[in-house]
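Could you walk me through this structure, from its core to its pocket? Let's take it one piece at a time, with the model open beside the text.

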Amino acid sequence: METIETTDLGRFASGASQGKLTSSDIMYLEMVELEDPSYTRSRALLLMNSQRKGDAQATKRFLDQLMQLPENQYNPVYLTEYARYYVNKGDYARSLDLAQKAERYWARLPSDVVYAKKAEIYEIQAASWQGRFYKSGEDLELLENAIRSWEKYRTHVATQSRGDLTKKADTELAELAAMRARMQ
């Protein structure tokens, strides 16, 4: 197959961002081969489309395909998306591992998305610890990790005066603090 120019894929961006790629669009993008320089872009568009449509199976498939390239295995954007997939599936240990890896590589992010991606990473970490705590029943160490993670998230989102996100953190922290009080 001939190499596809990344600019040729730009025509799919609007449809992908709305979850409205046609079956022929999807087939065209899936035909981009691993060795093609446009492979990552094609899979990112397919991923975006599947996420907007709420298709978890396709989301997982395109995340797996993105991770076939070594450079994507250290991309905090894709790692965050993978972590979000697993937290939504209730696989909190895997989600936490991926979110922590994304945090290690956050410096690779363009400066205009650092705040938002770090907020996502911290939220996923907090939700992962909280999920692990809920699954455990009464593991106080997991509860403390969840509280610390939500505090880290709250501190980060407060730097941009995001009252909605701060309120979310405060709600989770109040619930966890009440649980801690009952357990002690």
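Leaving out residues up to four places away in sequence, L29 touches L9, F12, L21, S42, R43, L45 and L46. This is a predicted model, so local features are given where pLDDT is at least 70. L29 also belongs to the largest nonpolar core, which has 47 residues, and L21, L29, W150, Y153 and L176 are the members that touch the most others. Helices that each supply at least two residues of this core are α3 (23-30), α4 (39-53), α5 (56-66), α6, α7 (92-104), α8, α9 (140-158) and α10 (163-183). Which helix gives the most to this core? That is α8, with 8 residues. As background, nonpolar side chains in soluble globular proteins tend to be buried together.

Now for the aromatic rings. In general, a pair of aromatic rings is described by the distance of the centres and the angle of the planes. The count here comes to 6 aromatic pairs. In one of them, Y82 and Y86 are stacked, at 5.5 Å centre to centre with 15° between the planes. Both of these tyrosines lie in helix α6, 4 residues apart, about one turn of the helix. Y82 is buried, and Y86 is buried too. The pair of W150 and Y153 has ring centres 5.4 Å apart and planes at 90°; with an angle over 60 degrees counting as edge-to-face, this pair is therefore edge-to-face. W150 and Y153 sit in helix α9, 3 residues apart, again about one turn of the helix. Both are buried, and both are among the core members that touch the most others. Back in α6, Y82 and Y86 join Y85 in one aromatic cluster.

Helix α6 also holds E81. Is E81 buried or exposed? Its relative accessible area is 14%, and buried means under 20%, so E81 is buried. Not counting residues up to four places away in sequence, E81 touches L47, Q51, L63, K117 and E120. One of these contacts, K117, turns up again in the lining of the largest pocket.

Let's turn to that pocket. The largest pocket has a volume of about 170 Å³. Its lining is made up of N75, P76, V77, Y78, R108, L109, P110, D112, V113, A116 and K117. What is the make-up of this lining in nonpolar, polar and charged residues? The lining divides into 7 nonpolar, 1 polar and 3 charged residues. Two helices, α6 (76-89) and α8 (114-136), each supply at least two residues of the lining. Helix α6 gives the most, with 3 residues. Helix α8 thus appears in two places, lining the largest pocket and giving the most to the largest nonpolar core.

One more residue rounds off the tour: Q65, whose place is in helix α5. With a relative accessible area of 16%, which falls under the 20% cut-off, Q65 is buried. Leaving aside neighbours within four places in sequence, Q65 is in contact with Y39 and R43. R43 is also one of the residues that L29 touches, which brings us back to where we began. For a sense of distance across the model, compare Q65 with Q184: the two are 119 residues apart in sequence and 46 Å apart in space, C-alpha to C-alpha.

Technical notes. Residues numbered from 1 in each chain as written. Predicted model: local features only at pLDDT ≥ 70, side-chain atom pairs only at ≥ 80, totals over all residues. Heavy atoms only, no water. 1 Å grid on protein atoms, 1.4 Å probe; cavity = no way out; pocket = protein on both sides within 12 Å on 5 of 7 lines; lining within 4 Å. Points joined across faces, edges and corners; volume = space filled by probe spheres on them. Nonpolar A, V, L, I, M, F, W, Y, C, P; charged D, E, K, R; others polar. Core = buried A, V, L, I, M, F, W, Y, C linked by side-chain atoms within 4.5 Å. Buried < 20%, exposed > 50% of the residue type's maximum accessible area, 1.4 Å probe, protein only. Contact = heavy atoms within 4.5 Å. Phe/Tyr/Trp six-rings, centres within 6.5 Å; stacked < 30°, edge-to-face > 60°.
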